[in-house]
Amino acid sequence: MKSKTDKKIIFFDIDWTLYDHENSCFPQSGIDAFKKLKKNGNILILCTSRNYDSLYRLGTFKYFHPDGVICSNGQTIFYKNKLVHTTYFTKAEVEQIRNVILPLNLSLEAATTKTRFMMAPIHDEVYELYKTYREVITKYKKYKNQRITAFVLFATDEHEEYIKENLPKRAIFYRYDKYGADLAPTERIKGDGVRYLLSYLSMDKRSAIAVGDDLPDISMFNEVGYSICLGNGNKETKKAADMVTDPISKDGVYNAFKSLGLI
């Protein structure tokens with residue numbers, strides 16, 4: 001790795017990389033590393049499974065001022081506050097999803113590129129899921145043909161087979177928790193978002209670095225020239241990384257970039 005004058009584009013995961021769930025905070029060392037990397041002229045991108053509204057409500061933008069954001073595991077991409085890529089459900093697909101889910105009396109949250117709202121009543125599964133992920137529960141809002149990028153279904157697997165069989169053909173159902181599943185109009189992979197943005201910016205992957213901790217971050221690692229896994233990371237993610245740094249609780253992000261000579 002070269003000196004501070006060798007400018008990079010750096011992709012940061014959020015949860016357990018910049019945000020410490022155990023202590024419910026963004027460690028100051030990670031904030032300091034981000035600021036120094038930015039000051040040294042690097043391009044900094046947040047790359048997360050969260051949607052934009054979730055990032056905002058977490059307080060992310062109070063501490064970090066990125067050049068771009070890749071949301072929802074690569075589905076939606078902003079650069080310099082401009083939307084450069086996303087995928088939407090069609091109005092017909094939204095209606096089909098509503099007609100499948102709402103009669104089951106299940107909670108359903110809809111996402112646009114920058115906002116979220118509840119499309120059905122709030123039940124216990126919402127509280128259980130968002131307690132785990134420290135999410136803010138959004139308010140109910142009447143659907144008025146907003147362009148929907150994804151849904152969160154709050155439900156156990158009781159009706160799962162029926163739901164899968166009756167969703168729109170291209171809808172992707174991804175269960176990530178006992179009480180929650182994502183519905184998206186396309187497969188969502190972090191690495192696809194990284195590759196798209198590098199192409200958009202006409203940048204070579206050799207100038208790119210990715211920092212993460214969990215399995216979805218491996219696809220991100222595969223699209224860059226150098227990868228860093230936090231010490232608290234998943235075993236397979238550590239194997240896939242070029243460097244394993246200290247855990248988030250021990251200034252892992254800061255120490256990694258310090259050792260690389262970039263701060």
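## Exercises: spaces in a predicted model

The largest cavity is lined by Thr17, Leu18, Pro27, Ser29, Gly30, Leu230, Ile248, Asp251, Gly252 and Val253. The model is predicted.

**Exercise 1. Describe the largest cavity: its volume, its elements and its residue classes.**

Step 1. Take the volume. About 50 Å³ of space lies in this cavity.
Step 2. Check the count. One cavity reaches 30 Å³ or more.
Step 3. Find the elements. Helices α1 (28-39) and α10 (252-259) each give at least two lining residues.
Step 4. Sort by class. The lining holds five nonpolar, four polar and one charged residues.

**Exercise 2. Locate the largest pocket and sort its lining.**

Step 1. Take the volume. The largest pocket holds about 1100 Å³ of space.
Step 2. Go to the centre. Of 44 lining residues, Ser49, Arg50, Asn73, Tyr176 and Asp182 lie nearest the centre.
Step 3. Find the elements. Those giving two or more residues to this lining include α2 (52-58), α5 (124-133) and α8 (216-221). Strands β6 (107-111), β8 (150-154), β9 (172-177) and β10 (180-184) also do so.
Step 4. Sort by class. The lining of the largest pocket has 18 nonpolar, 13 polar and 13 charged residues.

**Exercise 3. Do the same for the second largest pocket.**

Step 1. Take the volume. About 160 Å³ of space lies in the second largest pocket.
Step 2. Go to the centre. Of its 13 lining residues, Gly74, Gln75, His85, Glu187 and Asp192 are the closest to the centre.
Step 3. Find the main element. Helix α7 (residues 190-200) gives the largest share of this lining, four residues.
Step 4. Sort by class. The lining of the second largest pocket has two nonpolar, seven polar and four charged residues.

Methods
Residues numbered from 1 in each chain as written. Predicted model: local features only at pLDDT ≥ 70, side-chain atom pairs only at ≥ 80, totals over all residues. Heavy atoms only, no water. 1 Å grid on protein atoms, 1.4 Å probe; cavity = no way out; pocket = protein on both sides within 12 Å on 5 of 7 lines; lining within 4 Å. Points joined across faces, edges and corners; volume = space filled by probe spheres on them. Nonpolar A, V, L, I, M, F, W, Y, C, P; charged D, E, K, R; others polar.
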